Amino acid sequence: MALQATPYKVDLNLTDIDRSVYESLRFTVAKHPSETEERLCVRLIAYALWYHEQLAFGRGLSDIDEPALWEKSLDDRVLHWIEVGQPDAERMTWCSRRTEKFSLVAYGNLRVWQTKVLDNVRNLKNINVVGVQQEALENLARDLPRTVSWSVMISDGELFVTDERGQHEIPLEWLVGER
């Protein structure tokens with residue numbers, strides 16, 4: 001019998017001062033059986049960073065032809081393809097060709113990945129890559145409850161998440177492009 005996805009209820013109070021976005025959002029997101037809490041947190045961070053009414057979670061790990069998140073137009077064109085993790089250069093190129101804008105939230109040990117992969121895709125015109133500091137991500141993901149209640153504030157490119165344990169500063173490093 002295959003393992004089932006785990007549903008997480010999310011209550012996200014988003015204050016993005018940089019883009020003048022102020023939203024109170026409630027939704028359910030599925031955590032794939034092979035997905036870690038860290039990856040789920042990165043998907044939620046990506047959702048907050050690029051929030052738009054049409055932004056939706058893709059099947060990601062379940063379907064390689066879909067991203068972690070995407071924004072589609074009303075005529076079903078992919079306007080923004082968002083991945084998380086450390087994809088290879090071939091995957092990044094493939095994704096960037098299917099959308100107007102490709103963004104990636106990278107996490108983990110990025111030093112080797114940057115040298116091996118990122119340097120090979122810097123010439124792509126429509127990509128943005130941001131790195132999330134691993135220690136801050138681990139603290140945020142530790143003991144992640146099934147009902148996630150986050151207040152996210154983005155100001156001057158800095159990201160702060162407040163949950164029931166307090167405020168977490170999540171350092172972001174723009175590796176390619178900008179938000």
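A nonpolar core is a set of buried Ala, Val, Leu, Ile, Met, Phe, Trp, Tyr and Cys residues joined through side-chain atoms within 4.5 Å. With that in hand, let us explore this structure, which is a predicted model.

**Exercise 1: The cores**

Find the residues that touch the most other members of the largest nonpolar core, and trace which elements build that core.

Solution.
- Step 1. The largest nonpolar core has 41 residues, and those touching the most other members are Val-105, Trp-150, Val-152 and Ile-170.
- Step 2. Two or more residues come from each of β1 (6-16), β2 (21-31), α1 (37-49), β5 (78-84), β7 (127-132), α4 (134-141), β8 (147-155) and β9 (158-163).
- Step 3. Helix α1 gives the largest share of this core, 9 residues.
- Step 4. There is also a second, separate core, made of 18 residues, with Ala-106, Leu-118, Val-129 and Val-176 among them.
- Step 5. Now pick out Trp-150. Setting aside residues up to four places away in sequence, Trp-150 touches a list of residues including Asp-11, Cys-41, Leu-44, Ile-45, Leu-140 and Val-161.

As background, nonpolar side chains tend to be buried together in soluble globular proteins.

**Exercise 2: The six-stranded sheet**

Work out the strand order of the open sheet and name the strands at its edges.

Solution.
- Step 1. Follow the 6 strands across: the order is β3-β4-β5-β6-β7-β11, with mixed pairing.
- Step 2. At the edges lie β3 (55-57) and β11 (172-176), each of which pairs on one side only.
- Step 3. On average, neighbouring strands of this sheet are turned by 20° against each other, direction ignored.
- Step 4. Zoom in on one pair: β5 and β6 (residues 101-106) are parallel and share 5 bridges. Here Glu-83 stands opposite Leu-104 of β6.
- Step 5. Next, add the helices. Helix α1 lies across β3, β4 (69-72), β5, β6, β7 and β11, and runs at about 150° to β5. Helix α2 lies across β5, β6 and β7, at about 160° to β5.

**Exercise 3: Two helices side by side**

Describe how α2 and α3 pack, and which kinds of residue make up their contact.

Solution.
- Step 1. Begin with the geometry: α2 and α3 (residues 110-121) pack at an angle of about 30°, and their axes are 9 Å apart. The crossing is right-handed.
- Step 2. Look at the contact itself. From α2 come Ala-89, Met-92 and Thr-93, which meet Trp-113, Val-117, Leu-118, Asn-120 and Val-121 of α3.
- Step 3. Sort these residues by kind: 6 are nonpolar, 2 are polar and none is charged.

**Exercise 4: Ser-96, buried or exposed?**

Decide whether Ser-96 is buried or exposed, and find what surrounds this residue.

Solution.
- Step 1. Locate Ser-96 in helix α2 (residues 89-96).
- Step 2. Its relative accessible area is 6%, and buried means under 20%, so Ser-96 is buried.
- Step 3. Beyond its neighbours within four places in sequence, Ser-96 is in contact with Phe-102, Leu-124, Asn-126 and Ile-127.
- Step 4. Take Asn-126 as an example: 30 residues separate it from Ser-96 in sequence, while their C-alpha atoms are 6.7 Å apart in space.

**Exercise 5: A hairpin and some loops**

Describe the pairing of β1 with β2, then find residues other than glycine that have a positive phi, and compare two loop residues for burial.

Solution.
- Step 1. Strands β1 and β2 run antiparallel and are joined by 11 bridges. In this pairing, Pro-7 has Ala-30 of β2 as its bridge partner.
- Step 2. The hairpin has 4 residues between its strands, and Ser-20 in the hairpin takes a positive phi near 55°.
- Step 3. Turn to the loop between β4 and β5, where Asp-76 lies. The phi of Asp-76 is near 75°.
- Step 4. The loop between α4 and β8 holds Asp-143, with phi near 55°.
- Step 5. Asp-143 has a relative accessible area of 67%, and exposed means over 50%, so Asp-143 is exposed.
- Step 6. Pro-67 sits in the loop between β3 and β4. With a relative accessible area of 0%, Pro-67 is buried.
- Step 7. Finally, Pro-67 and Ser-103 are 36 residues apart in sequence and 10 Å apart in space, C-alpha to C-alpha.

Key: Residues numbered from 1 in each chain as written. Predicted model: local features only at pLDDT ≥ 70, side-chain atom pairs only at ≥ 80, totals over all residues. Heavy atoms only, no water. Buried < 20%, exposed > 50% of the residue type's maximum accessible area, 1.4 Å probe, protein only. Contact = heavy atoms within 4.5 Å. Pairing = 2+ DSSP bridges. Axes fitted to C-alpha atoms, helices over the stretch in contact; angles between N-to-C directions. Left-handed = near helix turned anticlockwise from the far one by under 90°. Nonpolar A, V, L, I, M, F, W, Y, C, P; charged D, E, K, R; others polar.
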